[in-house]
Amino acid sequence: MFLMTIMLYVIIFICGYVWIKKKLKVSSTSDGLLYKHINRFHLIGELVLVVAALIAIFVMRYVLEWRVWAHQDIILVVAILHAFRSVVERRYMKDTKQHFLSAYASVSGLLLFLGLELFA
């Protein structure tokens with residue numbers, strides 16, 4: 001049942017992503033499937049967020065012995081990274097409307113995290 005729920009969530013996420021992309025006529029700035037940073041500020045900001053998240057997960061899991069099975073925290077970190085990307089895209093690449101897709105991915109990731117925390 002859990003696996004079917006995750007598969008349904010992924011299908012709904014992809015349909016929503018494609019719908020937003022078509023409805024808002026979001027232009028694609030990427031030439032391929034590889035992830036590219038917007039500018040140096042975005043690169044440094046994401047590195048700081050990842051390092052802080054890894055330190056927080058280590059402290060929670062091994063030092064304080066909270067959340068021993070904290071695999072959902074990776075979903076939270078990815079959602080935060082998408083939120084940061086959305087803010088940077090809104091600031092520096094507003095005309096491409098790409099920030100709407102990043103914000104959608106961030107909110108979807110947060111909802112997945114909350115759903116896993118509450119019901120799994």
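This briefing describes the fold, the surface and the aromatic side chains of one protein chain. The model is predicted. The chain holds four helices and zero strands, and these run in the order α-α-α-α along the sequence. A search of the whole structure turns up four aromatic pairs, two of which are described below.

**Overall fold**

- A box of roughly 45 × 40 × 20 Å, taken along the principal axes, holds the C-alpha atoms of the chain.
- Among contacts with a separation of 6 or more, 72% join residues that are 24 or more positions apart.
- Of the 120 residues in the chain, 27% count as buried.

**Surface and charge**

- The chain has an accessible surface of about 8900 Å², and carbon and sulfur atoms supply 74% of that surface.
- Positive side chains number 13 and negative ones 7.
- The centre of the positive set and the centre of the negative set lie 12 Å apart.

**The pair F13 and Y17**

- The rings of F13 and Y17 form a tilted aromatic pair, with 5.9 Å from centre to centre and 40 degrees between the planes.
- Both residues belong to helix α1, which covers residues 2-23. Because F13 and Y17 are four residues apart in this helix, about one helical turn separates them.
- F13 has a relative accessibility of 24%, so F13 counts as partly exposed.
- Y17 has a relative accessibility of 27%, so Y17 also counts as partly exposed.

**The pair F41 and F84**

- F41 and F84 form a tilted aromatic pair, with 5.9 Å between the ring centres and 50 degrees between the planes.
- F41 lies in helix α2 (residues 40-63), while F84 lies in helix α3 (residues 73-92). The pair therefore ties together parts of the chain that are 43 residues apart in sequence.
- F41 has a relative accessible area of 49%, so F41 is partly exposed. The cut-off for exposed is over 50%.
- F84 has a relative accessible area of 17% and is therefore buried, the cut-off for buried being under 20%.

**Other ring arrangements**

- Ring pairs join F13, Y17 and Y104 into a cluster.
- R91 sits over the face of Y92, at 5.8 Å from the ring centre.

Technical notes: Residues are numbered from 1 along each chain as its sequence is written. This is a predicted model: local features need pLDDT of at least 70, side-chain atom pairs count only at pLDDT 80 or more; totals for chains, interfaces and linings use all residues. Side-chain values use heavy atoms; hydrogens and water are left out. Helices (H or I, at least four residues) and strands (E, at least two) are DSSP runs, numbered from the N terminus. Buried means under 20% relative accessible area, exposed over 50%, partly exposed in between (1.4 Å probe, protein chains only). Contact means heavy atoms within 4.5 Å. Accessible areas come from the Shrake-Rupley method with a 1.4 Å probe; for residues, only the protein chains shown count as cover. Lys and Arg count as positive and Asp and Glu as negative; His and the chain ends are not counted. The place of a charge is taken as NZ of Lys, CZ of Arg, CG of Asp or CD of Glu. Rings of Phe, Tyr and Trp (its six-membered ring) pair if their centres lie within 6.5 Å; planes under 30 degrees apart count as stacked, over 60 as edge-to-face and the rest as tilted. A charge sits over a ring if NZ of Lys or CZ of Arg is within 6 Å of the ring centre and within 35 degrees of the ring normal.
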